[in-house]
Amino acid sequence: MGKKIKGIKRHIVTDMNGLMLSINVHSAGIQDRDGAKSTLLQAKKDYPSLQRFFADGAYAGKLQIWCFLKTSALLSIIKRKSKQFKILPMRWVVERTFGWMNYYRRLSKHYEHTCRSAKSQIEIAAIRLMVNRLTKIMI
């Protein structure tokens with residue numbers, strides 16, 4: 001319902017600062033719970049010390065059990081308590097990262113021909129964000 005980019009879905013795992021740890025791009029025909037599996041596995045492989053993932057209600061159910069069995073990490077679901085808009089601390093980190101990605105014109109819509117090139121463009125944008133943050137710290 002709230003999908004912004006037509007034709008694809010983007011799954012990301014970020015740290016608490018919004019920096020990307022893992023990303024997966026696939027066609028919109030794949031269910032969210034199924035598409036997140038490879039992202040979670042990749043994040044756990046690259047960062048074995050991860051003990052908990054936070055996600056929204058779309059990832060609830062069997063994915064939580066699967067995540068614990070395959071990665072030995074908990075998948076905690078952050079749910080809204082009311083229908084009013086409120087910033088939910090753990091979920092807001094990922095939403096903010098998606099917002100940062102939309103600053104890049106090439107990522108505002110799906111211009112790429114393949115999911116692989118879309119993933120590469122997102123990685124380039126993430127690198128640019130990290131470099132910008134590092135230069136602000138060093139100055």
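What follows is a guided walk through a predicted model, from its opening hairpin to a salt bridge beside its helix 5.

Let us start with the hairpin. Strand 1 (8-14) and strand 2 (20-27) run antiparallel and are joined by seven bridges. If you want a pair to find on screen, look for Ile12, which stands opposite Ile23 in strand 2. Five residues lie between the two strands, and in this hairpin Gly18 takes a positive phi near 90°. Strand 2 is mostly covered, with seven of its eight residues buried.

Strand 1 has a few residues worth a stop. Ile8 belongs to this strand, and with a relative accessible area of 3% it is buried. Ile8 also gives a nice view of how the chain folds back: Lys109 is 101 residues away from Ile8 in sequence, yet their C-alpha atoms are 9.8 Å apart in space.

Lys9 is another residue of strand 1, and its side chain reaches Asp32 in a salt bridge, with 3.2 Å from N to O. Because Lys9 sits in strand 1 and Asp32 in helix 1, this pair ties together parts of the chain that are 23 residues apart in sequence. Are the two partners buried or exposed? Lys9 has a relative accessibility of 16%, so Lys9 counts as buried. Asp32 has a relative accessible area of 19%, which is under the 20% cut-off, so Asp32 is buried as well.

Asp32 brings us to helix 1 (32-46). A quick geometry check works out well here: at 1.5 Å a residue, the 15 residues of helix 1 should span 21 Å, and the C-alpha atoms at its ends are indeed 21 Å apart. Besides Asp32, the buried residues of helix 1 are Gly35, Ala36, Thr39, Leu40, Ala43 and Lys44. What covers these residues? The cover includes strand 1, strand 2, strand 3 and helix 2.

Next comes the stretch built from strand 3, helix 2 and strand 4. Together these elements make a right-handed β-α-β unit. Strand 3 (52-55) and strand 4 (74-77) pair in the parallel sense over four bridges. Here you can pick out Phe54, which stands opposite Ser76 in strand 4.

Helix 2 is the connection inside this unit, and it shows two faces. Covering residues 62-71, it has Leu63, Trp66, Cys67 and Thr71 as its buried residues. Looking down the helix axis, you would see these buried residues fall within an arc of 100°, so they line one face of the helix. That buried set packs against helix 1, strand 3 and strand 4. Which residues does the face turned away from the buried side carry? On that face are the exposed residues Lys62, Ile65 and Leu69.

Just after helix 2 there is a backbone detail to check in a Ramachandran plot. Ser72, in the loop between helix 2 and strand 4, has a phi near 60°, which is a positive value in a residue other than glycine. Ser72 counts as exposed, at 55% relative accessibility. It is a second place on our route where phi turns positive, after Gly18 in the hairpin.

The last stop lies further along the chain. How many salt bridges does the structure hold? There are two, and after Lys9 with Asp32 we come to Arg106 with Glu112, whose closest N and O atoms are 2.6 Å apart. The accessibility of these two partners is worth noting. Arg106 is partly exposed, with a relative accessible area of 43%, whereas Glu112, at 11% relative accessibility, counts as buried.

Both partners of this salt bridge also have a neighbour in helix 5. Gln121 is found in that helix, which covers residues 115-138. Leaving aside residues up to four places away in sequence, Gln121 touches Arg106, Leu107 and Glu112. Of these contacts, take a look at Leu107: although Gln121 and Leu107 are 14 residues apart along the chain, 7.4 Å separates their C-alpha atoms. With Arg106 and Glu112 joined to each other and both in contact with Gln121, this corner of the model rounds off the walk.

Key
Residues numbered from 1 in each chain as written. Predicted model: local features only at pLDDT ≥ 70, side-chain atom pairs only at ≥ 80, totals over all residues. Heavy atoms only, no water. Buried < 20%, exposed > 50% of the residue type's maximum accessible area, 1.4 Å probe, protein only. Arc of directions from axis to C-beta. Contact = heavy atoms within 4.5 Å. Pairing = 2+ DSSP bridges. Right-handed = clockwise from strand over helix to strand, strands pointing away. Expected span 1.5 Å × (residues − 1). Salt bridge = Lys/Arg side-chain N within 4 Å of Asp/Glu carboxyl O.
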